[in-house]
Amino acid sequence: MPLRRARFHFDTVYEDRRLIGPYALLQVGDLYCEQGYTILPHVQRVHELTYVVSGAGKTLTGGTTYPMEPGTLFYNRRGEEHAITASESLRFFYLGFDFPTPDGALREFYETLTGCRVSHAEAVGDAFIRMFGEIGAHDLAAGTLLESAMQEVVGTACRLLGRVDTAPYRAVDARAVDERLVYDLVHYLDAHAADPDTLASLPREFGYSYTHLASKFREIIGENLREYHTRRRFERARELLRRGESVTQTAELTGYQSIHAFSRAFRRVTGEAPRTYRQRFTE
């Protein structure tokens, strides 16, 4: 992947093919980069899924240049030209994979599908987070859970597209230590987006005061810590409502003790009632 400098960059790359169930995993990563970062045009040597977490940029996919917006999933088939440019701070997950066996329905789907995109793909983002959590695990269940998470990423992407840890790195200076801390903090917030007590638990989980964590988060990410947690919490709520969950169930799954409190908060954050939002996707 030819690229230019990234300000904050975590990457897990497998130079050799690693078999995960029916797939060959070649690379998987979570990239957070500054404005102007560029992955230069190159021909894909594997199939690749890219999920945009935050920020903005442009990507060359299947011969067409598309804007990169949060919640959007892109697919690039092996042999297609691909490129990415960040027009502002940009964070995205990516998975490069192949099929080691010559047959199978998913292989046929991905090998005949030309490069394309789909919005509202937050379910794929959640599956990526689970996959990242298993990459660095070494217990007896790790292989099974990693295969399950990868199956979920590839399978969920197939379903969406068809309708149209962690390896740690060595800190070398104070900035690198802060970036490592904030990276772990981002993943903790993502994994506990639906928990209303997440922010209160941060000092206990990370061993730093909330003020220190919030300061480092803003310094590295450029966003208010509380606002990030609120946004991720309501991204989860919107995803549940789009999937057809009731307002009551969604309130419970996002940590609200009453539907009235959830409805007031949802309207304050999104500008509309959760029932109205749900109806737009279920009727």
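Leaving aside neighbours within four places in sequence, which residues is Leu106 in contact with? They are Tyr23, Phe99 and Cys158. Please keep in mind as you read on that this is a predicted model.

## Leu106 and its partners

Leu106 sits in helix H1, which covers residues 105-112. Its relative accessible area is 26%, so Leu106 counts as partly exposed. One of its partners comes from well along the chain: Cys158 is 52 residues away from Leu106 in sequence, yet their C-alpha atoms are 7.7 Å apart.

## Leu185 in helix H4

Next, let's turn to Leu185, a residue of helix H4 (residues 174-191). Because its relative accessibility is 1%, Leu185 counts as buried. Its contacts, apart from neighbours within four places in sequence, are Leu202, Phe206, Leu213, Phe217 and Leu225. Leu225 lies 40 residues from Leu185 along the chain, with 9.7 Å between the two C-alpha atoms.

Two of these partners, Leu213 and Phe217, turn up again among the buried residues of helix H6, and Leu202 and Leu225 return where helix H5 meets helix H7.

## Helix H6 and the glycine after it

Helix H6 runs over residues 210-221, 12 residues in total. From first C-alpha to last, H6 reaches 16 Å, close to the 16 Å expected at 1.5 Å a residue. Its buried residues are Leu213, Lys216, Phe217, Ile220 and Ile221. Viewed down the axis of H6, they fall within an arc of 105°, and therefore line one face of the helix. The spacing fits a familiar rule: an α-helix has 3.6 residues a turn, so residues three or four places apart point the same way.

Just after H6 comes Gly222, whose phi is positive, at about 80°.

## How H7 packs against H5 and H9

Helix H7 has two packing partners to look at here. With helix H5 (residues 198-206), the axes are 11 Å apart and the packing angle is about 125°. H5 and H7 are therefore oblique to each other. On the H5 side the contact is made by Thr198, Leu199 and Leu202, and on the H7 side by Leu225, Arg226 and His229. By class, these residues divide into three nonpolar, two polar and one charged.

With helix H9 (residues 259-270), the axes of H7 (residues 225-242) and H9 come within 11 Å and cross at roughly 110°. The two helices are therefore roughly perpendicular to each other. H7 brings Thr230, Phe234, Ala237, Arg238 and Leu241 to this contact, while H9 brings Phe262, Ala265, Phe266, Val269 and Thr270. Sorted by class, the contact has seven nonpolar, two polar and one charged residues.

## Arg242 and His120

Arg242 also belongs to helix H7. Is Arg242 buried or exposed? Its relative accessibility is 15%, so Arg242 counts as buried. Not counting residues up to four places away in sequence, Arg242 touches His120, Glu122, Tyr277 and Phe281.

His120, one of those partners, has its place in the loop between strand E8 (116-118) and helix H2 (122-135). What is the phi of His120? Phi is near 55° there, a positive value in a residue other than glycine. His120 counts as partly exposed because its relative accessibility is 45%.

Conventions:
Residues are numbered from 1 along each chain as its sequence is written. This is a predicted model: local features need pLDDT of at least 70, side-chain atom pairs count only at pLDDT 80 or more; totals for chains, interfaces and linings use all residues. Side-chain values use heavy atoms; hydrogens and water are left out. Axes are lines fitted to C-alpha atoms, for helices over the stretch in contact, and angles run from 0 to 180 degrees between N-to-C directions. Helices (H or I, at least four residues) and strands (E, at least two) are DSSP runs, numbered from the N terminus. Angles under 35 degrees count as roughly parallel, over 145 as roughly antiparallel, 65 to 115 as roughly perpendicular and the rest as oblique. Contact means heavy atoms within 4.5 Å. Ala, Val, Leu, Ile, Met, Phe, Trp, Tyr, Cys and Pro count as nonpolar, Asp, Glu, Lys and Arg as charged, and the others, Gly among them, as polar. The expected span of a helix is 1.5 Å times one less than its number of residues. Buried means under 20% relative accessible area, exposed over 50%, partly exposed in between (1.4 Å probe, protein chains only). The arc is that of the directions from the helix axis to the C-beta atoms.
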